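Student: I would like a close look at a single part of this model, a helix and its surroundings. Please add the contacts between chains afterwards.

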Amino acid sequence: MALFLQHVIDAITYGSQFALYGLGIALIFGIMGLINFAHGELIMVGAYAIVLMGRPSWAVVVLVTIAVAVAFALGMERLAFRPLRGASPPTLLIASFAISYGLQNLAILIEGSAPKGTHVSNWLSESYQVGSVSVPKLDIVTVAVTIALLAALGLFLQRTRMGVQMRAAAEDFRMARILGVRANTVIATAFGISGLLAGIGAYLLVAQTGEVAPDLGSNPVLYAFVATVLGGMGSLRGAVLGGYVFGAIFVGLQSYLPLELRSYRDAFAFAAVIAMLLVRPQGLIVARSVVTRV
Amino acid sequence: MLTIDELRVSYGRVPALHGVSLHVGEGEVVALVGPNGAGKTTTLSAVFGLAQPAGGEITFEGRSLVGSTPEQILRRGLALVPEGRHIFGSLTVAENLLLGTTARRDRSAAAADLEQVLTRFPVLRSYYSSSAGNLSGGEQQQLAIARALLSRPRLLLLDEPSLGLAPVVIDAVFDALEELRADGVTILLVEQAAARAVEFADRAYVLRTGRVAASGTREEILAMENFETAYLGV
Amino acid sequence: MALARTALRATWPLPALLLFVFAVAEIAYAAGDDVTRGVVVVALINLTLVIGLYVFVGNSGVFSFGSVSFASIGAYTAGLLVIPVDQKAILQPDLPGFIAHTHFGSVGATLMGGVVAAAVAVVFAVPLMQLTGIAAGLATFSLLVIVRTVANSWTEVTNGAAGLSGLPVTTGKNDALVWALLAIVAGFLFQSSALGLRLRASREDDVAARSLGVSVRMERRVAWVVHAFVMGIGGGLYGQYLGSFNASFFYLALTFTTLAMLVVGGIKSLTGAVVGSVTISFVAEVLHRIEEGVDVGPLHVPARPGLREIGLAIIMLAILILRPRGITNGRELPWPRLPGRSGDRMRRSTAEQGGDAAETYADVPVKDPS
């Protein structure tokens with residue numbers, strides 16, 4: 001029983017991380033039809049910022065990490081994606097792949113390809129003991145931060161003018177522009193928010209793994225894809241749901257697959273992605289806008 | 001107020017407009033009619049920056065519109081209600097209307113306009129907090145017009161407002177347009193329901209295969225022999 | 001006479017491309033140092049892979065991010081067949097019997113690499129070929145991850161993350177060149193075949209074609225399988241060039257390289273695949289030399305690993321932004337035109353037809369100019 005509870009905690013924690021990654025992808029996809037392969041590199045640059053910062057207080061680390069990720073997000077939008085506005089979705093995907101590849105190698109150029117270790121926080125490394133179940137503080141923080149971010153994002157989208165504009169742009173970009181919604185502002189805001197999500201995700205990831213490498217972003221972005229495809233591309237709620245569902249699948253595969261099949265975990269996950277794309281491409285949640293993106 | 005001069009527009013290599021010229025004076029209601037594919041929507045799209053002209057000039061209040069983006073053109077005092085209503089079904093009526101005020105800086109005047117629009121279109125007040133997807137076709141058309149009005153346009157462009165609507169509903173829409181005319185709003189109205197539009201307008205242009213085939217006052221156009229058949233193939 | 005001229009213009013790209021590749025490869029190989037010779041072989045193998053990629057992506061218009069997985073399958077298959085039996089017994093004692101005791105020569109092993117890759121493609125053909133656009137991109141990418149994971153985990157057969165080693169290094173310039181030329185021929189024959197032409201016709205507007213009742217699913221599946229075969233061959237060649245490899249070699253970096261070659265050259269034509277491949281191979285090598293530290297006059301530019309990849313990424317982005325149709329602009333190699341002759345009439349008549357019809361069949365005029 002205790003083991004099962006442990007798994008549940010793990011599933012919720014992983015699910016939160018996947019939800020964060022997935023949201024970054026879904027936000028931009030919803031508005032622009034662009035799957036940003038380079039989102040993983042936003043996480044990576046945030047992570048390197050942490051490692052290179054030395055030992056200021058955790059608040060400073062978090063803020064700087066977010067600032068770096070946001071800066072890179074806005075930069076890639078301005079330099080690479082704005083000139084490609086209106087290009088076909090596969091072209092945009094290839095472009096984001098190129099950016100991802102370029103940024104990874106930029107990290108190799110500047111920092112070398114060997115992983116660098118770092119220790120983010122003593123406090124976060126500790127765990128609470130609840131009976132025979134050990135609950136890492138980092139897990140609690142991860143889940144709490146994710147929930148808080150979701151709430152904040154929800155409020156932003158529902159209650160602010162910019163949020164309404166973004167939701168309108170996601171449903172019908174052309175009509176939004178006809179009403180005067182500035183395309184550049186909406187898109188830059190979306191990238192900025194995805195940078196924010198990436199920065200926070202980076203902090204939580206580095207706190208968990210204790211190290212950073214140029215290919216740090218590869219796995220998160222893959223997991224983000226799984227989450228968004230499962231939950232429904234273009235739907236923020238879907239990304240979150242998909243993240244948690246995948247978290248459960250992830251931990252489930254990890255814990256309950258027969259030993260010899262465990263290393264195939266990723267293969268199963270991506271087989272699920274293919275199945276989802278075939279059977280229910282709109283995901284588990286049908287996005288309320290009528291347009292089918294996939 | 002609005003002058004279009006020898007406008008040419010092509011989609012890729014396919015020409016849609018071969019040199020269209022028309023003029024809308026301040027306070028006028030001008031109808032642009034013609035059969036399917038004549039280029040009426042293309043004309044409005046070009047005016048609003050949604051299609052790039054291959055040649056010709058579009059001038060509003062003395063300044064060219066060519067090369068401006070839709071966001072900029074809206075802020076110059078034009079508003080477009082495109083064909084097919086395009087209301088945001090995933091947003092509420094209130095949020096749809098809020099989007100109409102996107103370009104407004106004057107919050108209190110915008111609030112007053114909102115009140116006025118809700119009075120003019122009472123159904124929008126009843127559905128104010130509901131999802132806009134719940135409205136019927138005619139109600140959505142009213143929402144689309146109301147939304148466009150909230151930017152306080154000096155020139156309102158309407159593309160086929162009667163499309164897909166029942167006759168009774170069309171009456172309601174034209175009643176609303178009549179009130180707008182009375183308020184002094186300049187209107188350029190594109191319609192396939194030609195007779196109705198021409199009767200409503202002060203002047204009309206008949207477009208056919210990308211060219212202006214006829215133009216004149218309401219009386220002149222209506223008096224044209226075989227107006228419906230010759231020019232519209234009806 | 002006009003008919004003969006038409007046929008000549010239609011087939012002209014093939015011998016031209018073959019000659020071009022042969023000439024560039026031979027000259028570079030003869031003139032270069034040891035390092036350059038290795039680069040030439042790798043470039044030829046990459047060319048084979050890009051042709052494979054083009055057979056599917058260029059003809060169907062559907063993007064595949066998972067094609068390198070077929071190269072992986074080909075490499076492992078060829079590798080397992082070409083490693084001497086006694087070596088296999090020592091290094092991989094858990095191999096299933098029929099693999100453990102079989103040994104093929106280089107050519108046979110490479111061919112088998114293609115066959116097995118094609119077989120796997122057949123399995124995935126029906127489900128995957130229903131998808132287009134982004135869904136196809138994501139699904140094929142998922143295939144890439146799946147194959148890599150399986151290769152890393154199926155330790156009995158693939159030796160797990162350590163990969164295969166001890167392959168006889170048999171891929172030299174001549175082998176790579178012959179296979180590359182064969183790939184070009186195969187690509188050309190495929191796109192000129194009735195099946196290929198039908199597929200290309202639907203490429204421009206899949207939705208419109210389907211609404212007319214034209215379903216090219218079978219054609220697309222065939223293209224998918226053929227492309228997997230060629231990718232498998234390329235993978236087999238790579239394995240027998242490297243001597244040892246693991247699954248990570250056939251993953252994101254190679255996917256990016258082959259995709260960049262195709263995109264830079266131009267997705268829609270065989271010429272594009274060839275030109276892009278040669279160009280990127282050349283540019284990559286130049287960047288690599290700079291990366292290793294180069295003397296430019298009195299300046300010494302210090303070694304900087306990663307520079308080459310960044311350069312390639314920037315080039316790829318620049319092409320996507322500035323010239324999205326690639327260097328060839330979607331055209332096949334044009335017949336050299338003499339000014340003021342029937343060439344002008346041809347140019348004018350194809351221009352009138354409009355759009356991509358002229359670009360796809362650049363040398364096949366609908367109206368006979370004479």
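Tutor: The answer below begins with the helix and then moves on to the contacts between chains.

This is a predicted model, in which local features need pLDDT of at least 70 and side-chain atom pairs count only at pLDDT 80 or more, while totals for chains, interfaces and linings use all residues. Residues are numbered from 1 along each chain as its sequence is written, and chains are lettered from A and ligands numbered from 1 in the order in which they are written.

Helix α3 of chain A covers residues 58-81. Helices (H or I, at least four residues) and strands (E, at least two) are DSSP runs, numbered from the N terminus. The expected span of a helix is 1.5 Å times one less than its number of residues, so the 24 residues of α3(A) should span 34 Å. The end C-alpha atoms are 33 Å apart, which agrees.

The buried residues of α3(A) include A:Val61, A:Ile66, A:Val70, A:Phe72, A:Met76 and A:Phe81. A:Thr65 and A:Glu77 are also among them. Buried here stands for 20 or more other C-beta atoms within 10 Å of the residue's own, with C-beta atoms placed from the backbone. The cover over these residues includes α2 (39-52), α4 (89-111) and α9 (183-209) of chain A, and also α16 (307-322) of chain C.

Chain C therefore enters the picture through α16(C). Across the contact of these chains, 34 residues of chain A meet 33 residues of chain C, two residues being in contact if their C-beta atoms, placed from the backbone, lie within 7 Å. On the side of chain C, two or more residues each come from α8 (133-153), α14 (252-265) and α16. The largest share, 13 residues, belongs to α8(C). By class, that side has 23 nonpolar, eight polar and two charged residues. Ala, Val, Leu, Ile, Met, Phe, Trp, Tyr, Cys and Pro count as nonpolar, Asp, Glu, Lys and Arg as charged, and the others, Gly among them, as polar.

Chain A also touches chain B, with 16 residues from chain A and 20 residues from chain B. On the side of chain A, α7 (161-171) and α8 (173-178) each supply at least two residues. The largest share, five residues, comes from α7(A). This side of chain A has seven nonpolar, three polar and six charged residues.

Chain B itself has 10 helices and 10 strands, and 44% of its 234 residues count as buried.

Notes:
Buried ≥ 20, exposed ≤ 12 C-beta atoms within 10 Å, placed from the backbone.
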